[in-house]
Amino acid sequence: MQAAVQRPLWHTYLLFLAPMVLSNFLQSMSGTVNSIYIGQMLGTQALAAVSGMFPVVFFFIALVIGLGAGAGVLIGQAWGAREPHMVKAIAGATLLLGVLIGLVAAVLGSVFARQALTGLGTPADVLDDAVAYAHVMMWILPSLLVFVLFTQLLRGVSDTLSPLLALVVSTCVGLALTPALIRGWFGLPQMGIQSAAYAGLAGNLAAMAWLSWRLIRKGHPLAPDREFFAALRLDGAILGKVLRIGLPTGVQMIVLSLSELVILALVNQHGSQATAAYGAVTQIVNYVQFPALSIAITASILGAQAIGAGQLERMGPILRTGLLINVCLTGGLIVLGYLLSHWLLGLFLTEDSTRAMAEHLLHIMLWSLLVFGFQAIIGGIMRASGTVLVPVIIAIICVVGVQLPAAYWLDGQYGLQGVWMAFPVAYLGMLVLQTLYYRLVWQHQKIERLV
């Protein structure tokens, strides 16, 4: 920790942030290339069938992201205070709860897949394929959730390199297997749109095995050794603190995912071509939105470590540095997105009319991701101290009370493009309200360690 304090803050930020951004890039690239495989090798209807599962999977991932956010703050504070035994205890309790969530998600998701997709208004011509894909995807979800959660826990002790290297393993395995399963190469069975799901499972398992080996070899504080497995218990006191921070964050993520389900239902009313456009636009947006979220996570972890070390004077500089990096990184990606949008969308969509539709929709809302990044970073700084409830309420109000009504009204006024106009409106509302709460309330509160 002391070495990190001696570095310039921007340098500490980038050392932490760079592997995380690369990790997000690999995650997005894996999904992107799989979508390209499906769109180019199986057609637009197959892509539409897969696209319908994005919000459903995100719904369950949101719960784990919330847990990871809560545990990450506690682990960061314990790590800043140099208490490795508490780090293991927090990680063990959180990971076990994440496993249980994954198993429940697999059962409920597979049983109610058709009802869920039908309720979302999935176009009839792709419904059967979407359900078949959903069944496989939900059963491999536990391995995905465990992988996502464990990488979040590693970041709490400033280890962003191990998750990156694990994702390299996962991505390479997944991308090699997907086309092989689509075409039935090397004697493998042809699995159609389910190929990406099975390839993803193989990639996750390979990455977890490699990650375990790496952490044990290095004597990492979160290595899966005997002491770590002894900490795998549902400790009520620890989980109470994790849930106090993580549950509001998880609720926020769930509300966001539910709003995406509503948006998808609106989009589905315009037909399978619009659904395919939605899936392609989502892929591009991920490349910009995930790095913005990574900056917010970095701000939160660095803030938590500063609190644990008793260095509260660093909170302001951590916030300002995060906002500046958001301008440079997120802003740069937005510019690239506009300049290369026609070519990028052509990677997913082979029909000219669908690509033109997707490009227009992307241009409407892409710029607002810079605003999204600003408000996420401010929220991340407040989360470092355990302040989450009011920032979460602000986000929920902006989504439920602003974005969704605006999307319905603008859809009626301007058609499909109106749905995308609601995103900037919601993000601007979040930024204004988060900033006001930060300046008028949070800055005047007493900040104390939680563990």
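**Notebook: rings and cores**

I began with the rings in this predicted model, and my tally came to six aromatic pairs. One of them joins Phe228 and Phe229 edge-to-face, with 6.2 Å centre to centre and 80 degrees between the planes. I then checked Phe228 for exposure: its relative accessible area is 3%, and because the cut-off for buried is under 20%, I noted Phe228 as buried.

Next I looked up Tyr278 and Trp420, which also make an edge-to-face pair, at 6.3 Å centre to centre and 65 degrees between the planes. This pair links distant parts of the chain, as Tyr278 sits in helix α12 and Trp420 in helix α17 (residues 416-440), 142 residues apart. Buried or exposed, I wondered, are Tyr278 and Trp420? Both turned out to be buried.

Back to the phenylalanines for a moment: I found that ring pairs link Phe228 and Phe229 with Phe150 into a cluster.

Then I turned to the cores. Which residues have the most contacts inside the largest nonpolar core? They are Leu153 and Trp420, in a core of 130 residues. Helix α12 (residues 272-308) gives this core its largest share, 16 residues. Apart from this core I came across another one, made of six residues, including Leu117, Leu127, Ala130 and Val131.

Last, I listed the company Trp420 keeps. Setting aside neighbours within four places in sequence, I have Trp420 in contact with Val267, Tyr278, Val281, Leu361, Ile364 and Met365. Tyr278 in that list is the ring partner I had already noted for Trp420, a nice place to close the page.

How values were computed:
Residues are numbered from 1 along each chain as its sequence is written. This is a predicted model: local features need pLDDT of at least 70, side-chain atom pairs count only at pLDDT 80 or more; totals for chains, interfaces and linings use all residues. Side-chain values use heavy atoms; hydrogens and water are left out. A nonpolar core is a set of buried Ala, Val, Leu, Ile, Met, Phe, Trp, Tyr and Cys residues joined through side-chain atoms within 4.5 Å. Buried means under 20% relative accessible area, exposed over 50%, partly exposed in between (1.4 Å probe, protein chains only). Helices (H or I, at least four residues) and strands (E, at least two) are DSSP runs, numbered from the N terminus. Contact means heavy atoms within 4.5 Å. Rings of Phe, Tyr and Trp (its six-membered ring) pair if their centres lie within 6.5 Å; planes under 30 degrees apart count as stacked, over 60 as edge-to-face and the rest as tilted.
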